[in-house]
Each structure stands twice: as structure tokens, then as C-alpha cells.
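Work through the exercises below on aromatic rings. Each task is followed by a stepwise solution.

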Amino acid sequence: MNEQLPPLLKSVFGYDTFRPLQREIMEASLAGRDALAVLPTGAGKSLCYQLPAIARGGLTLVVSPLIALMKDQVDALLASGVAATFLNSTLEGREAYNRRRRLDSGEIRLLYAAPERIMMGAFIEDMQRWGVNAIAVDEAHCISEWGHDFRPEYRQLAKLREVLPGVPFLALTATATQQVRNDIRTQLHLRDPEVFVASFNRPNLNYTILPKDGAVRQVVAMVKQWNEASGIVYVQARKTAESIAAELMKAGIPALPYHAGLDAPVRAANQEKFIRDEVRVVCATVAFGMGINKPDVRFVIHADLPKNIEGYYQETGRAGRDGLPSECVLLFSRGDVIRNLRFLDEMTDMQARRIQERQIRQMADFAESSDCRRISLLGYFGEKWPHENCGGCDACIDPRARVDGTKQAQMFLSCLFRIRGANGFDTGLQHAVDVLVGKETEKVQKWNHQKLSTWGIGKETPRTEWIHVGREMMRLGYAAETGEYHVLSLTDTGRSVLLSRQAVQINAPPKTAVKAAKERVQKTKSQKRTGDIECDEGLFTELRRVRKSLSDARNVPPYVIFSDVALRWMARRYPRSTADFLGIPGVGSVKLSEFGREFMDTVGKWIDKYGQRPFADEHPAQQMEGPKRTSPPALYLQKFRDGMSIEEIAKSTGMAASTVTKHLADGIMYGKINIDPRRLYSLTEEMEMREAAAKHGLFSLGVLYEALGKSISYDNLHLFRALEQQGKG
């Protein structure tokens with residue numbers, strides 16, 4: 001079975017090589033071993049159980065937490081010719097019955113279901129009857145209370161070890177510290193599992209943290225700069241999601257909200273519009289995104305502070321799953337930290353409260369640091385970044401200048417000292433700034449702080465700059481928030497700095513928030529970034545239009561047809577032959593047969609009208625060595641003309657028979673050769689296919705397959721269409 005993996009990778013999914021650790025994970029699974037795989041979002045986790053399921057045959061059960069995720073993956077698999085289905089509450093009785101019937105007959109290779117459904121008594125009996133021979137647990141971190149998305153129902157999955165005793169488990173997640181990994185192993189009862197941990201680095205993601213000052217204005221300003229790109233804006237409150245979506249709409253940017261307060265049909269409709277590129281932006285609470293497999297999200301903005309680094313990492317990971325450059329922006333305010341900590345006051349479970357408080361403070365430390373974002377992020381997961389400058393975050397690309405802040409530090413620390421001395425208690429940052437700028441608020445008058453020697457000594461400096469100085473004092477450890485109300489107190493180090501009047505270096509205050517946001521977007525757009533694929537942008541836009549038309553006709557998201565990566569390589573390579581088209585990443589035999597002609601025709605018309613742009617002779621970036629590209633259709637055609645059967649060709653080339661059939665069909669369609677159809681299918685089958693084609697056309701083999709009651713294989717349908725269209729393009 002291991003030998004089948006490379007040819008299946010190309011013929012089904014259109015890729016020539018594996019990504020890091022993919023093949024090792026697959027081979028462990030095919031050997032019947034339990035395995036735990038920690039791969040970052042976009043590293044190809046799904047393929048680690050999809051390809052072995054095709055190679056081993058039988059039925060693989062995929063535990064998936066969300067309905068949208070199931071449908072998304074099944075749509076993509078069906079488009080690649082893989083027999084997959086899901087069972088969940090969205091299916092009507094007749095449809096659910098038909099799917100179970102196909103499971104009973106052994107037609108299905110991958111079955112997706114949620115843990116709640118799987119653990120039902122009747123479903124367990126069904127699985128035993130269907131002969132499940134492998135189980136993949138996706139989003140496995142949900143089983144751990146130490147993770148950021150704990151789901152108690154995942155804990156029940158360990159019972160499957162008893163009812164399916166010899167079946168190997170593959171647990172997969174994108175975010176798992178060592179503690180969470182240990183918990184997954186224990187809770188799932190994994191047996192001496194092989195553990196694979198890939199780098200957590202997402203090289204195509206650029207990280208930026210900006211001071212939050214009017215989040216709505218900042219979000220609108222940035223999204224405007226990103227032209228037609230799709231993105232997600234994360235917020236904590238439903239009201240904020242609504243208001244940002246409304247402001248984006250006012251600015252002419254199609255956007256919709258997504259949160260638990262919306263009726264389920266509205267929420268589902270909004271998500272579907274985003275997936276289908278009918279809106280550019282979704283403004284969402286953290287409830288959104290786990291079930292989204294949309295690979296072309298070009299930006300993720302956190303308008304509010306996430307509650308932990310794992311959540312931040314996973315949410316930013318929804319950008320750039322296709323490997324193309326994408327932006328992750330966090331708008332940070334110390335007020336968000338205080339608000340998140342106050343939410344914990346209602347918790348009665350003290351251990352859970354301590355865990356969450358620690359996570360919030362870790363997130364705040366990450367946001368306030370001036371260190372490389374990538375180094376800090378990877379360090380949290382126990383990974384060391386080997387370079388000083390990552391070239392993909394604001395701290396490395398546009399480091400803030402260091403300035404002499406001795407005078408401001410003395411004034412600020414002195415103000416904290418005077419407030420404490422006058423009343424015997426500390427106050428918050430905002431009140432300390434009110435005293436410095438000489439503002440006569442109700443609290444200032446109540447506590448007579450207008451009589452302090454520090455009252456008004458900083459009135460020549462804008463209030464926003466004093467807020468910045470206060471945050472710098474906390475970052476440097478000279479001041480700290482303490483107590484239930486998070487008041488600001490002078491630390492021992494700060495007191496020493498104040499009394500000794502030692503020099504203090506601070507980061508220069510940021511530019512106005514909106515200006516900084518715009519400049520940051522422009523700077524990243526002008527740079528050569530990891531994952532960039534230079535191409536004919538006009539042709540790329542035209543190919544996207546063709547893709548959207550095809551996806552609408554088939555009622556699937558555009559990326560199910562082809563990813564942006566595939567389209568960009570088409571707009572760089574200008575493929576006009578089947579051999580060239582098969583060289584595009586993401587083009588397998590099924591997609592070549594289903595969609596190749598439309599895209600090659602579009603490329604040809606573009607060349608006739610505008611010509612070709614010259615590009616350096618580059619090849620699609622691959623991360624590991626892999627097999628050579630599969631032989632072109634001409635090779636199979638020649639062997640067939642020499643009298644070899646499809647099975648003999650498959651054996652001689654080491655390819656799957658289905659792969660040989662599809663390439664042979666391409667050779668027939670675009671070649672000039674007389675072939676006796678009886679070598680391919682019977683006269684009865686030909687008559688049935690011809691009758692169905694007269695009613696439904698030859699465009700979609702899926703439609704013909706269904707119309708014929710699934711009685712004639714896809715292989716024969718490919719060959720029939722090739723002979724019917726031979727010489728017609």
C-alpha cells in the first residue's frame with residue numbers, strides 16, 4: 001500500500017511531492033500503528049488520513065467537530081473523484097437512508113461524523129457492520145481540558161477502543177503544547193503511538209500588532225487597502241461583530257456578521273456566502289472558523305485580544321492555508337486584558353480560573369513585547385526559531401525606534417508614587433494619566449489629586465502618549481497591575497529607577513492608529529513575501545471568473561474546483577496541453593477531465609488577445625523530495641496501441657489502474673487514433689452511456705454516473721467521453 005501513495009497523490013489530488021511528515025504519518029497509519037500528528041494549519045493534515053483511506057480500501061471514520069467542516073471536505077473529495085460522505089442532523093430521511101445504503105454496500109471510503117453521533121448505540125453497531133478499519137480524530141485538542149477548545153463529548157471516543165479493538169487511531173491537531181499532547185494520548189487510549197510534531201512556523205503569514213485606538217476605523221482602513229481579498233475579523237462581543245460589518249458595508253466592502261446570537265439558518269447562510277466569495281469579509285466572534293476550510297483567506301484581524309495564545313495561533317492560522325502570503329493583525333489595548341480578567345470573576349472552578357488567568361497574561365505579554373512575533377509564538381510551543389530576524393513581522397520588518405524616555409518615566413513613576421502616598425491606595429492607568437495632564441475628573445476632585453505636585457505636569461504631552469508611556473513602564477517592569485480592580489502600582493524596580501534617576505530607554509510612541517494600519521499594509525504589499533507566486537494578474541482574475549462560474553453551476557465553493565495556488569500557476573505557465581496542465585499543482589486526473597478544457601480554452605483566448613508575459617523558469621515550490629511526475633498520456637496510449645490491457649499497463653508502470661485509465665482517456669481525447677471501443681466497454685454499456693449523454697450531455701461525469709444509477713464505472717465514463725470528443729477539443 002505504501003507504494004501506491006505517490007501515484008495516488010498525483011492522480012487524485014494533483015501533487016507531485018509530500019509535505020513534511022505527511023508520508024511518514026500515512027505509512028504509520030497503513031502499518032496499523034496508532035499515531036498523533038501535530039501539524040500547523042495549512043500543512044495538509046486532512047491528506048494524512050484521506051490518502052491512506054484510498055490506498056487501504058474499506059471504510060475510514062473521520063471524527064469531525066463541526067457540520068460545515070464535514071460538508072466542506074466531502075465536497076472537495078467528491079470533486080477529486082473520491083467516494084466520501086457524512087452523516088449528521090442536516091440530512092433529510094431519504095438522503096440519510098441513501099447514504100447508509102451506500103455504506104452498507106461498501107462503496108464509501110471516508111465517512112465523516114461528529115463525536116455525539118458516533119457514540120450513539122445504533123451508530124456503533126452500524127460501524128461494526130460497515131467494517132471500519134481506521135479512525136481519524138480531527139481537532140484532537142478538543143479532548144484536553146488544558147487546550148483552548150475543550151469539548152467533553154470528545155472524551156467518550158475512548159470507548160471505541162473496546163468496540164473496535166484492532167482499529168488504528170490517528171489523532172490530528174494544529175495546536176498542542178506538550179501537556180495537551182500527553183492528554184490526547186491518555187484520553188484516547190492511544191497504544192504506543194508514533195508522535196509526529198512538525199514546525200509550528202507558518203512562513204507565509206506576516207504578523208503585526210498595532211495599538212488599538214478606534215478599532216472600527218482601523219479595520220475599515222486596513223480592509224480597504226487589501227482590495228478584493230477575503231478575510232476574517234475576530235471580536236469578543238456580538239455587538240462589535242454587527243457594528244464592524246455594518247461599517248464595512250457603508251464603505252462599500254461586502255461583509256456579514258457571524259455569532260451565536262444569530263438564528264442558525266442566518267448564521268449558516270452568512271458562512272456559506274463567505275465560503276462562496278459572495279462577501280469579502282466575515283466579522284465574527286471566536287465561534288467562527290473551526291469549520292472553515294477556505295484556503296484563500298488573505299487576512300485575519302483580531303480587533304479584540306484573544307484569551308490565549310493557542311486560540312490566537314489557530315485563528316491566525318485560518319489565513320493563507322494555501323501557502324500564499326497572508327496578513328495577521330492584532331489590535332491591542334490594555335483595556336482588553338482587564339476586561340478578559342474580569343470575566344473570570346464569575347467562575348467558581350478555581351483551578352480552571354487559574355489556568356485561564358495564566359493564559360490571558362501570557363497573551364498580554366506576547367502582545368506587549370517588542371521582540372520578534374515569530375520567535376515568541378514558536379517559543380510558546382517549545383520550538384526555537386534559529387534566526388534573529390524572521391522578516392515577516394512588524395518587530396522585524398518595521399522595528400520601533402528606541403528613544404530616551406527618562407524624563408517621561410520620572411514624571412509617570414513619580415505620579416504613581418504621589419498617588420499612593422496621598423491616599424494609601426493605587427489607581428488605574430487612566431486615572432494616573434488624568435492627573436498628569438491636569439484633568440479635573442470627578443475622581444480627581446473626590447480624592448483631591450488636583451493638589452498633588454504631579455497634577456498637570458504633563459499637560460504639554462498628548463494623553464495618548466502618556467498612555468503609551470504607562471504601557472512601557474509596565475512592559476519594562478517598573479509598574480504592575482495588581483488586585484481585583486487591576487490598579488497600577490510602583491514595583492521595587494520602578495521605585496529604584498525613580499530614586500536613582502537612571503536613564504530609561506523606551507519604544508517610540510506609534511503613529512496615529514489608522515495611519516499606522518495603512519502604512520503597515522502598504523509596506524507588506526510592496527515586499528517580496530514567502531509564498532509569493534508572480535503571475536499574469538489579468539489572466540489570474542479571468543481564471544477566477546471561470547472558476548466562480550463552474551462552482552456556481554455545481555453548487556460548491558470556488559476552491560473546490562481549484563485553489564488560488566493552482567490558478568496563479570496557470571497564469572504563470574499558460575498551460576494549453578494536457579501534459580502542461582497536469583504539471584500544475586492541484587491538478588489530478590479527475591479535475592483535468594472535468595475542468596481542464598474550460599481553463600485551457602481561457603488561457604488560449606487570453607494569449608491570442610494579450611500574449612504571454614515572460615517569467616523566470618521556476619517550478620512550483622515543493623518542500624520535500626518526491627516521485628517524478630507521472631508519465632504523460634502519450635506513454636499510456638502507445639502501450640495500449642501495442643496491445644497491452646489497462647491492467648497490464650498499470651502493472652508495468654507501477655500506477656493504479658484508475659490513473660492509467662484517466663491518462664489514457666486524455667490521450668484518446670486529444671490524439672488522433674482509432675481504438676476499438678470493445679476493448680474498453682461492452683456494446684450494452686455503450687448504448688446506455690450514449691442514451692444518458694443525449695439527455696444530460698458530456699460536461700459532468702458525475703451527472704452521468706448518477707443518471708445511470710451508478711451501474712457504469714467512472715473509468716468507463718471517462719473512456720466513453722474521450723472517444724465521443726476525440727478531435728473536437
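Rings of Phe, Tyr and Trp (its six-membered ring) count as a pair if their centres lie within 6.5 Å. The model is predicted. The structure holds 14 aromatic pairs.

**Exercise 1.** Classify the pair of Phe 562 and Phe 581, and place both residues.

Step 1. The centres of Phe 562 and Phe 581 are 6.0 Å apart, with 75° between the planes. Planes over 60 degrees apart count as edge-to-face, so this pair is edge-to-face.
Step 2. Phe 562 sits in the loop between α25 (558-561) and α26 (564-573), and Phe 581 belongs to helix α27 (residues 578-582). The pair therefore ties together parts 19 residues apart in sequence.
Step 3. Buried means under 20% relative accessible area. Phe 562, at 1%, counts as buried. Phe 581, at 0%, counts as buried too.

**Exercise 2.** Classify the pair of Trp 606 and Tyr 610, then decide for each residue: buried or exposed?

Step 1. The ring centres of Trp 606 and Tyr 610 lie 4.3 Å apart and the planes meet at 40°, so the pair is tilted.
Step 2. Both residues lie in helix α28 (residues 589-610), four residues apart, about one turn of the helix.
Step 3. Trp 606 has a relative accessible area of 15% and is buried. Tyr 610, at 51%, counts as exposed.

**Exercise 3.** Which charged ends sit over the rings of Phe 274 and Phe 640?

Step 1. Over Phe 274 sits the charged end of Lys 294, 5.4 Å from the ring centre.
Step 2. Over Phe 640 sits the charged end of Arg 679, 3.8 Å from the ring centre.

Definitions and conventions:
Residues are numbered from 1 along each chain as its sequence is written. This is a predicted model: local features need pLDDT of at least 70, side-chain atom pairs count only at pLDDT 80 or more; totals for chains, interfaces and linings use all residues. Side-chain values use heavy atoms; hydrogens and water are left out. Rings of Phe, Tyr and Trp (its six-membered ring) pair if their centres lie within 6.5 Å; planes under 30 degrees apart count as stacked, over 60 as edge-to-face and the rest as tilted. Helices (H or I, at least four residues) and strands (E, at least two) are DSSP runs, numbered from the N terminus. Buried means under 20% relative accessible area, exposed over 50%, partly exposed in between (1.4 Å probe, protein chains only). A charge sits over a ring if NZ of Lys or CZ of Arg is within 6 Å of the ring centre and within 35 degrees of the ring normal.
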